[in-house]
Amino acid sequence: WVTSETILMGEGPDSTKITYANESSGLVLRSFSGTEPSTADNIEFRDLSITAATVTPANTVGRGFIFYNHAAGDYFPVRYLKVDNVHFHGGSMQTAVHASPNRVYYELLISIKSGSSSTSASQNIIITNSTFHSEGGGLYLQDCRDVKIDNCTFKSEDDDTAFVGMVQCIA
């Protein structure tokens, strides 16, 4: 977990590299208390590279997630999230062969959700000078407010026919 008032800082994306050991090794952004509806405030990622682990289930290609703010039905609104000069590599695609017709589901690179009320919205999210390399879903910001994305590069894998969208759900 990454809790409020945390700065994860390196010496540059080419120098400080974090690689997750297994597909369930993502980071959950949450409050100090760990109870809803507390907010995860003032979290910063700066000057590093984060790569998710390769996923292994059948019918799945790609990597796991990097970070999100929800787990087991709970979510913690994120306020004042800053990402600067970070290279992300993750996300995956899964083909559900039991569905008719076969459907493709996406593991997101980064997912931040908000509630339906203005007091539970994730807000003040600033993402600058970063690279997102997605092997599935990309950056998903559900009903987030006051979002700024500037000078970022978004890359997908070679199979653009299955690509959903790199940035989704910004209010």
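# A tour from the E44–R46 salt bridge

Select E44 and R46: they form a salt bridge, with the closest N and O atoms 2.6 Å apart. The model on screen is a predicted one. A search of the whole structure finds one salt bridge, and this pair is where the tour starts. Side chains of opposite charge can pair when their charged atoms come close.

**Stop 1: the two partners**

Keep E44 selected and colour by accessibility. Is E44 buried or exposed? E44 counts as buried because its relative accessibility is 15%, under the 20% limit. R46 has 24% relative accessibility, so R46 counts as partly exposed. E44 sits in strand β5, which covers residues 40–51.

Now show what surrounds E44. Beyond its neighbours within four places in sequence, E44 is in contact with T6, I7, L8 and K82.

**Stop 2: from β5 to β10**

Select β5 together with strand β10, residues 78–90. How many bridges join β5 to β10? There are 10, and the two strands run parallel. To find one rung of this pairing, go back to R46, which stands opposite D84 in β10.

Stay on β10 and select N85, which is found in this strand. Its phi is near 55°, a positive value in a residue other than glycine. N85 has a relative accessible area of 23% and is therefore partly exposed.

**Stop 3: from β10 to β14**

Add strand β14, residues 123–128. Five bridges join β10 to β14, and the strands run parallel. Select R79 to locate this pairing: R79 stands opposite Q123 in β14.

Next, select N124, which lies in β14. Which sign does phi of N124 have? Phi is positive, about 55°, although N124 is not a glycine. With 22% relative accessibility, N124 counts as partly exposed.

**Stop 4: from β10 to β15 and β17**

Return to β10 and add strand β15, residues 131–134. These two strands pair in the parallel sense over four bridges. Two rungs can be picked out here: the bridge partner of H87 in β15 is T131, and H89 stands opposite H133 in β15.

Move on from β15 to strand β17, residues 153–156. Four bridges join β15 to β17, and these strands also run parallel. T131 can serve as the marker again, since T131 stands opposite T153 in β17.

Select E135, found in the loop between β15 and β16. E135 counts as buried because its relative accessibility is 15%. Then add S156 and draw a distance between the two C-alpha atoms. E135 and S156 are 21 residues apart along the chain, and their C-alpha atoms are separated by 6.0 Å.

**Stop 5: the nonpolar core**

Clear the selection and show L29, F45, F67, L81, F88 and I112. These are the residues with the most contacts inside the largest nonpolar core, which has 27 residues. Which elements give two or more residues to this core? They are β4 (27–30), β5, β10, β13 (110–112), β14 and β16 (139–150). In soluble globular proteins, nonpolar side chains tend to be buried together.

Centre on L29 and display its contacts. Leaving aside neighbours within four places in sequence, L29 touches residues including V2, A40, I43, F45, F67 and Y68. N69, F76, V78, L81 and I112 are also among the contacts of L29.

**Stop 6: two cysteines**

Select C144 and C152. C144 counts as buried because its relative accessibility is 0%. C152 has a relative accessible area of 19%, so C152 is buried. How many disulfides does a search of the whole structure find? The search finds zero.

**Last stop: the whole chain**

Zoom out and colour by secondary structure. The protein chain has zero helices and 18 strands. Of its 171 residues, 46% are buried. Among contacts between residues at least 6 apart in sequence, 70% join residues at least 24 apart. Finally, switch on the surface: the chain exposes about 8,600 Å², and carbon and sulfur atoms supply 47% of it.

Key:
Residues are numbered from 1 along each chain as its sequence is written. This is a predicted model: local features need pLDDT of at least 70, side-chain atom pairs count only at pLDDT 80 or more; totals for chains, interfaces and linings use all residues. Side-chain values use heavy atoms; hydrogens and water are left out. Two strands pair if DSSP finds at least two bridges between them. A nonpolar core is a set of buried Ala, Val, Leu, Ile, Met, Phe, Trp, Tyr and Cys residues joined through side-chain atoms within 4.5 Å. Buried means under 20% relative accessible area, exposed over 50%, partly exposed in between (1.4 Å probe, protein chains only). Contact means heavy atoms within 4.5 Å. A salt bridge is a side-chain nitrogen of Lys or Arg within 4 Å of a carboxyl oxygen of Asp or Glu. Accessible areas come from the Shrake-Rupley method with a 1.4 Å probe; for residues, only the protein chains shown count as cover. A disulfide is a pair of cysteine sulfur atoms within 2.5 Å.
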